[in-house]
Amino acid sequence: MSTRRKSIVAGNWKMNLDAAKARSLTEAVAARAAEAGSVDLVLCPPALYATTVAAALGLAAGGSPSGVALGGQNAHDKESGAFTGEVAPGMLRDIGSRYCILGHSERRTLFGETDSVVNAKVKAVLAAGLTPIVCVGESLAERESGRTEAVVTEQVLGSLAGIPADDLATIVVAYEPVWAIGTGKVATPQQAQDVHALVRALLARLSSPTVADTIRIQYGGSVKPDNAAELAACPDIDGALVGGASLKADDFLAIAKAFG
Ligand code: PGA
């Protein structure tokens, strides 16, 4: 965590909970958000419950009384049209979202999203006035064959190709080693820091060292209350993208506090 960058901790609920649980979890996080200290908090519910979460956060009335922001888990790269089952970036914005996760490894591996698909979505989400949280990360086979650096480099450069420096300055990147997601196997702080430093160097190549220095890079993959502090202590880790542990208010807030 750097003193120059405010940390950002986001909960990726994936395809979990129901409307009542989404509401009560949101209320619990919002009521206790101050416990986390100086950290941006984001909840990313399933699209169908986004309005429920927006209402529980008071977003419908404008602003965010609790300071907790809303984010999408995915978006289409077009603003409207014949795309059955999809959600447009402007729709997320319309209901009060400020962020949108893009290129999550589950989208990449289960739904065939390539870097160029992610790139189109990043541009569309920026155009809609949202902050993309752009995910990158290597698989176990890629790490074991020494390809981590090459894979992450390709993903960062491909997913962020053609984005002007002014826009790059506003985005969030999430480094999520695929082998650490939902497995309970967290990257060591040194493994994570090494890749975060690489991502920052790539961001500098795409913009400038000054801009790259302001961009927040989250770590994701089995972040829990008991490993958050050592990750937060790394100079280039500016927050967390939390899956499983974000489904419990106590755990999510404890993680946020480690970064606050
Ligand atoms: P996890 O998921 O915290 O359950 O490992 C992280 C993510 O997929 O964003």
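**View 1. The largest pocket of the predicted model.** About 570 Å³ of space lies in this pocket. The structure shown is a predicted model. The lining of the largest pocket comprises 25 residues. Those nearest the pocket centre are Pro46, Ala47, Gln73, Asn74 and Arg107. Strand β3 (68–72) and helix α4 (105–110) each supply at least two lining residues. Helix α4 gives the most, with three. By class, the lining has 12 nonpolar residues, nine polar and four charged.

**View 2. The second largest pocket.** This pocket has a volume of about 160 Å³. It is lined by 16 residues. Closest to the centre are Lys14, Gly182, Ser222, Gly243 and Gly244. The lining divides into eight polar, five nonpolar and three charged residues.

**View 3. Lysine 14 and serine 222, two residues of the second largest pocket.** Lysine 14 lies in the loop between β1 and α1. Its phi is near 50 degrees, a positive value in a residue other than glycine. Serine 222 sits in the loop between β7 (216–220) and α11. Phi of serine 222 is also positive, near 55 degrees. Are these residues buried or exposed? Lysine 14 is partly exposed, because its relative accessible area is 21% and the cut-off for buried is under 20%. Serine 222 has a relative accessible area of 8%, so it is buried.

**View 4. Serine 105 in helix α4.** Helix α4 is the element that gives the most to the lining of the largest pocket. Serine 105 has 10% relative accessibility, so it counts as buried. Which residues does serine 105 contact, leaving aside neighbours within four places in sequence? They are Leu110, Val178 and Ile181.

**View 5. The buried side of helix α12.** Helix α12 spans residues 249–259. Its buried residues are Ala249, Phe252, Leu253, Ile255, Ala256 and Phe259. Why do they lie on the same side of α12? They cover an arc of only 160 degrees around the axis, which puts them there. On the other side of α12, Asp250 and Lys257 are exposed. The buried residues pack against three strands and two helices named here: β1 (8–12), β2 (40–44) and β8 (239–242), with α1 (19–31) and α11 (225–232).

**View 6. The largest nonpolar core.** This core has 67 residues. Val9, Leu41, Leu160, Tyr219, Ile255 and Phe259 have the most contacts inside it. Two of these, Ile255 and Phe259, are among the buried residues of helix α12. Which helix gives the most to the largest core? Helix α9 (residues 189–206) does, with seven residues. Another core, of 12 residues, lies apart from the largest one. Among its members are Ile8, Val42, Tyr99 and Ile133.

**View 7. Tyrosine 219 and its contacts.** Tyrosine 219 is one of the residues with the most contacts inside the largest core. The contacts given here leave aside neighbours within four places in sequence. Tyrosine 219 is in contact with Tyr175, Pro177, Ala180, Val186 and Ala187, among others. Its contacts also include Ala192 and His196. Further along the chain, they include Leu231, Ile237, Gly239, Ala240 and Leu241.

**View 8. Threonine 131 in strand β5.** Strand β5 covers residues 131–136. Threonine 131 has a relative accessible area of 17%, so it is buried. Not counting residues up to four places away in sequence, it touches Arg98, Tyr99, Cys100, Val125, Thr170, Ile171 and Val172. Tyr99 is also a member of the core of 12 residues.

**View 9. Aspartate 194 and glutamate 149.** Aspartate 194 is found in helix α9. That helix gives the most to the largest nonpolar core. Aspartate 194 itself is partly exposed, with a relative accessible area of 47%. Glutamate 149 is 45 residues away along the chain. The C-alpha atoms of the two residues are separated by 9.5 Å.

**View 10. Glycine 162 and tyrosine 175.** Glycine 162 lies in the loop between α7 (148–159) and α8 (165–168). At 67% relative accessibility, it counts as exposed. Tyrosine 175 is 13 residues from glycine 162 in sequence. In space, they are 20 Å apart, C-alpha to C-alpha. Tyrosine 175 is also one of the contacts of tyrosine 219.

Conventions
Residues numbered from 1 in each chain as written. Predicted model: local features only at pLDDT ≥ 70, side-chain atom pairs only at ≥ 80, totals over all residues. Heavy atoms only, no water. Buried < 20%, exposed > 50% of the residue type's maximum accessible area, 1.4 Å probe, protein only. Helix = DSSP H or I, 4+ residues; strand = E, 2+ residues; numbered from the N terminus. Arc of directions from axis to C-beta. Contact = heavy atoms within 4.5 Å. 1 Å grid on protein atoms, 1.4 Å probe; cavity = no way out; pocket = protein on both sides within 12 Å on 5 of 7 lines; lining within 4 Å. Points joined across faces, edges and corners; volume = space filled by probe spheres on them. Nonpolar A, V, L, I, M, F, W, Y, C, P; charged D, E, K, R; others polar. Core = buried A, V, L, I, M, F, W, Y, C linked by side-chain atoms within 4.5 Å.
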